[in-house]
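I opened my notebook today to look at the open and closed spaces in this protein. Come along as I go through them one at a time.

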Amino acid sequence: MNYNELMSQRAQAIMPSPIRRFFDLAENMENVISLGVGEPDFRTPWPIRSAAINTLERQSIFYGANSGLLELRTEISNYMERKYQLSYHPENEILVTVGGSEAVDLTFRTLLNPGDEVLVTEPCFVCYAPLISLADGVPVPLPTKEENEFRLTAEELKAAITPKTKLIMLSYPNNPTGAIMRRENYEELAKVLRGTNIFVLSDEIYSELTYGSKHTSIAEIPDMRERTIVINGFSKAFAMTGWRLGWMAAPAEIIAQARKIHQYGIMCAPMVSQRAAISALKNCDADVKHMVSEYDHRRRFLLERFAEMGLRCFPAQGAFYLFPSIESTGMDSETFCEQLLQEERVAVVPGSAFGESGKNNLRISYAYSLKHLSEAADRIEHFLERHAK
């Protein structure tokens, strides 16, 4: 059979995640230090694990409501109110999903018609453009600049809007840059969006991970809640990556349509994870605060090391990534990462994986121990010294 002729052209046009290529190479190499995967190295806090164990012991693991357990949606509603002063009704404005990724996918499939354009701020996580394409939308890169601290400006947004613009994709705190948006930044964007029919998808999966400033959601800005879909989840803040649980919060009309797609494709998010997530929101504020403090310590350590070795790096204020520039080496990010892996056994992600604007950068995750980071930094310094011009 000629599979290339028989399979979906849309599926074949999607490229595999460029993040994974380097880790596939690293799997067959010894003594490799990986700073690539965005996964907390902390154990899931005990109250969460305990709730999951109790759920299994009670055999309370049957199908649940399509939207998620009402008790969990109520806790999500309470969480968003106390953290961000955002009010969402648990009955019809919150949908529990299989990770934040499903919520992103649902949003695109719910809102987009063929040919609709989605402005995607870059650098950005690798899944956005492929998921837009799979929903018959058109991803339109909207590069941000380091001199603007990787924040989207109102002028850049206004210049990118066309009659086909349906949605703008925002992701702050940002993966891969660690950039954040402040309230005044969102207020300027709101001036551009008011009076249009453009929606906003705000991926706030790293909202708990900010350093020195409190997270702001664009949905907090007057007149923005009605056009904004807020995505969040448990993977990063609560060290629950493998539990696969997230949520979307939006006006009831949007949730009603997204729930139908979720109903047929997923049915409901895992019940054990949902029960555990209730405990996360009720009992784990102190655990989250501790993890954020540790991430901040690691962030500052790497920023100091990069400064010592002459590697210019934007001082990230959120998430758990740094995005150093390697422009001074004369290498593009793909070449740099390949040679670093081969010569020093350090795996990092080329910035080009996150859009053309990242071609002179690397994404380095500091979701690892200080011992791990220190050894990796030494190896990177040796590599830079060997390839100094």
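**Pockets and a cavity**

I began with the lining of the largest pocket and sorted its residues by class: eleven are nonpolar, nine polar and six charged. I kept in mind that this is a predicted model.

Next I looked up the volume of the largest pocket, which is about 670 Å³. Its lining has 26 residues, and I noted those closest to the centre: Gly38, Ser101, Phe125, Lys236 and Arg244.

Which helices each supply at least two residues of this lining? I found helix H3 (18–27) and helix H6 (99–111). H6 gives the most, with three residues.

I then asked where the largest pocket lies with respect to the domains. Domain 1 (3–44 + 286–386) and domain 2 (47–283) both give residues to its lining, so the pocket lies between them.

I moved on to the second largest pocket, with about 490 Å³ of space. Of the 24 residues in its lining, Pro18, Val126, Ala129, Pro130 and Ala353 are the closest to its centre. By class I listed 19 nonpolar, three polar and two charged residues.

H3 turned up again here, and it, strand E3 (117–122), helix H7 (128–134) and strand E4 (138–143) each supply at least two residues of the lining. H7 has the largest share, four residues. Domain 1 and domain 2 each provide at least three residues of this lining.

Last, I checked for closed spaces and found one cavity of 30 Å³ or more. It holds about 40 Å³ of space. Among the residues lining it are Tyr172, Met181, Lys214 and His215. I sorted this lining too: four nonpolar, four polar and one charged.

Notes
Residues numbered from 1 in each chain as written. Predicted model: local features only at pLDDT ≥ 70, side-chain atom pairs only at ≥ 80, totals over all residues. Heavy atoms only, no water. 1 Å grid on protein atoms, 1.4 Å probe; cavity = no way out; pocket = protein on both sides within 12 Å on 5 of 7 lines; lining within 4 Å. Points joined across faces, edges and corners; volume = space filled by probe spheres on them. Nonpolar A, V, L, I, M, F, W, Y, C, P; charged D, E, K, R; others polar. Domains from an automatic or database assignment.
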